[in-house]
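Let's take a friendly walk through a protein model. Have the sequence and the 3D view ready, and look up each residue as we come to it.

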Amino acid sequence: MEDEPPSRKAEEGSSSKRSQRQEERQGKLPRRRKEVKRSLRRPDCPEHLSGGSVHWLPEHPGSEASASVEDTAESCLKRWDRCRRGHFLHGPYPATHFGPKACVLPNPTSVMHIQDPASQRLTWSKPPLNVLVIRKIRDETLLEPFRELCRFLVEEKHLMVYVEKKVVDDGSLMRDDSFSAIRNQLCTFREGFDDISDCIDLIICLGGDGTLLYASSLFQGSVPPVMAFHLGSLGFLTPFKFESFRTEVDKVFEGNAAIILRSRLKVKVVKGTFQKNEQLLSAQENGILPHNHINNEAEIKESKYWVLNEVVVDRGPSSYLSNVDLYLDGRLITSVQGDGVIVSTPTGSTAYAAAAGASMIHPNVPAIMVTPICPHSLSFRPIVVPAGVELMITLSPDARNTAWVSFDGRKRQEIQHGDR
C-alpha cells in the first residue's frame, strides 16, 4: 500500500483536532455555565443577610466568568462567612442606597454602633486602688464570704475597701475579734449622705440580683465595673461563683477580662405641670386669669433617676384599675387600663417584665420594652421600641385614682393628675 500524501494527513489531523475541541467544548462549557450561575446566585454578601436587595452583575462578562470559574465553593463559603461575621453579627446591615439615585442623608449622630459581645474586654488605664464591697444585709450565711473577701483585698491585694456603715456595725462582725484588725482598715459610708461615685474603681457584690440593683442606684452617673457573685435567691445578673473568687478577682485586676455592657433608663419625674398648665392656659384664653399668672419655674419640681431594670407605674393601694396615657416622642400611643405598665431595659426583661408575659432580650440589643400589667384590653400587648425614643406616662383625665411609680423597686412615690 502506498502512503497517502502529506497534505491529506495534515487535513485529517487538523479535522481530528477540531472534533476533539468541539467535544471538549460540549463537555466542559455547560459545567462552566453552571459554575457561573452558581456564583451569581451566591455572592460574597448573601441577599438574606443584607439590608436591601443584592444585585451582583459583572461589568465585564468575560473576565467575571473566568474569575468565577477559578473561585471554588470553599473560597466562596469562606468569603461569605467572613462577610457574615464582620457585618451581620446582630442583624441586617442597613442599606443606604435605594435605586439609582436615592440614598440616606449621612448623619454621624444617628449611627448606632453595636459591638460584638465576644470582643468586649475590660482594661485599666491605671491600676485600681479603691474597691466597693456590697453585701446582702440580714443574711448570716454571707458573713464568712464577706470576711474572706475583705481579708483577701486588704492583706493580699493591699487595696482600700469601702463598705456601708450598717454592714460594719453588724453585731456578728463586732463580736469577731479576729476580724477587728481588718474592720479598722475599712472605709465606711452612708447612703444618701456620703458621695463615693468619684473614688470607686471596682464594685464587688455578694448576694443576688437585688444587691446589684442597689449598687447601680448608688451611682447616678458613670458606674464602675461590677463583679457580682451569686450568693442570693436570683442569679440572672450574678454569673460568678464565690468558690473561685481569688482567681476571678485576679483576672479582673490583670485586665483583658470579658465584660457585658448594660444600658440604663434615664428617668425624669415632673410634678404638677402637664395638665395644670393646660387648664390655666384655657382659663387665660377665656379671660378668667391674667396672662402673667403662670410661673413655670416656681411650679416645676423635677427628680432624675438612672434605672437598670425597670420603671413600674401601678395602681398602688387602690382597688380600682389604673388609667394612664402612654406617649412616644410626644404622640399618644395608647391608654393603658389595668394594674399598671412596666418600662424596662433589656436587663430588666428577665425581671418583672418576664413575669408579666414579656419576652427576654439580650443586653446588647438597644431597645426599651413596654409591658402592661394585667391589661383590661385585648389590643395592648408587650411592645419593643428603639432605645433612643422618649416615653412619657401621665394619668388619663378620666382616671378615678392616682398611680404609684417605683424605680428598680425603690424611691416609690405617688403620681397625681398633672404629673408626668
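The report below goes from the whole chain to one helix, then to pockets and a few single residues.

## The chain as a whole

Before you start turning the view, keep in mind that this is a predicted model. The chain is made up of 420 residues, and 36% of them count as buried. Its secondary structure comprises 12 helices and 20 strands.

How do contacts link parts of the chain that are apart in sequence? If you take the contacts between residues at least 6 apart in sequence, 67% of them join residues at least 24 apart.

## Helix H9 and its buried side

Now find helix H9, which runs over residues 245-254. Which of its residues are buried? They are Phe245, Glu248, Val249, Val252 and Phe253. These residues cover an arc of only 135° around the axis, so they sit on the same side of H9.

What do the buried residues of H9 pack against? Their partners are helix H4 (143-156) and five stretches of strand: S3 (121-122), S4 (130-135), S7 (202-207), S8 (226-230) and S9 (257-258). After H9 comes Gly255, and its phi is positive, near 85°.

## The largest pocket

The largest pocket holds about 1000 Å³ of space. It is lined by 40 residues, and those closest to its centre are Leu265, Lys266, Val267, Ile368 and Val389. Try selecting these five residues to find the place in your view.

Which strands supply at least two residues each to this lining? They are S10 (265-271), S12 (310-314), S16 (367-373), S18 (391-395) and S19 (403-407). S10 gives the most, with 6 residues. By class, the lining of the largest pocket divides into 26 nonpolar, 7 polar and 7 charged residues.

## The second largest pocket

The second largest pocket contains about 870 Å³ of space. Among its 29 lining residues, Pro225, Val226, Ile259, Ile260 and Arg262 are the closest to the centre.

Here you meet H9 again: helix H8 (209-217), S8, H9 and S9 each supply at least two residues of this lining. The lining of the second largest pocket has 21 nonpolar, 4 polar and 4 charged residues.

## Two residues in one loop

Next, go to the loop between strand S15 (340-344) and helix H12 (352-355), where you will find Ser349. Thr347 is found in the loop between S15 and H12 too.

Is Ser349 buried or exposed? Its relative accessibility is 0%, so Ser349 counts as buried. A polar atom of the Ser349 side chain lies 2.5 Å from the backbone oxygen of Pro346. Setting aside neighbours within four places in sequence, Ser349 is in contact with Ala354, Ser359, Met360, Ile361 and Met369.

Thr347 has a relative accessible area of 3%, and therefore it is buried. The side chains of Thr347 and Arg262 are joined by a polar contact of 3.2 Å. You have seen Arg262 before, among the residues closest to the centre of the second largest pocket. Apart from neighbours within four places in sequence, Thr347 is in contact with Leu237, Arg262, Leu308 and Asn309.

## Two residues with a positive phi

Most residues other than glycine have a negative phi. With that in mind, look at His158, which is not a glycine and yet has a positive phi of about 55°. Where is His158 found? It lies in the loop between H4 and strand S5 (160-164). His158 has a relative accessible area of 63%, so it is exposed.

Asp408 is not a glycine either, and it has a positive phi of about 55°. Asp408 is found in the loop between S19 and S20. At 12% relative accessibility, Asp408 counts as buried, because buried means under 20%.

## After strand S20

The last stop is Gln416, in the segment after strand S20 (410-415). With 42% relative accessibility, Gln416 counts as partly exposed.

How many residues separate Gln416 and Thr402 in sequence? They are 14 residues apart in sequence, and 5.1 Å apart in space from C-alpha to C-alpha. Not counting residues up to four places away in sequence, Gln416 touches Leu395 and Thr402.

How values were computed. Residues are numbered from 1 along each chain as its sequence is written. This is a predicted model: local features need pLDDT of at least 70, side-chain atom pairs count only at pLDDT 80 or more; totals for chains, interfaces and linings use all residues. Side-chain values use heavy atoms; hydrogens and water are left out. Buried means under 20% relative accessible area, exposed over 50%, partly exposed in between (1.4 Å probe, protein chains only). Helices (H or I, at least four residues) and strands (E, at least two) are DSSP runs, numbered from the N terminus. The arc is that of the directions from the helix axis to the C-beta atoms. Contact means heavy atoms within 4.5 Å. On a 1 Å grid over the protein atoms alone, a cavity is a set of points where a 1.4 Å probe fits but cannot get out, and a pocket is an open set with protein on both sides within 12 Å along at least five of seven lines; lining residues have an atom within 4 Å of a point. Grid points are joined across faces, edges and corners, and a volume is the space filled by probe spheres set on the points. Ala, Val, Leu, Ile, Met, Phe, Trp, Tyr, Cys and Pro count as nonpolar, Asp, Glu, Lys and Arg as charged, and the others, Gly among them, as polar. A polar contact is a pair of N or O atoms within 3.5 Å; within protein, one must be able to donate a hydrogen and the other to accept it, and residues adjacent in sequence count only if both atoms are side-chain atoms.
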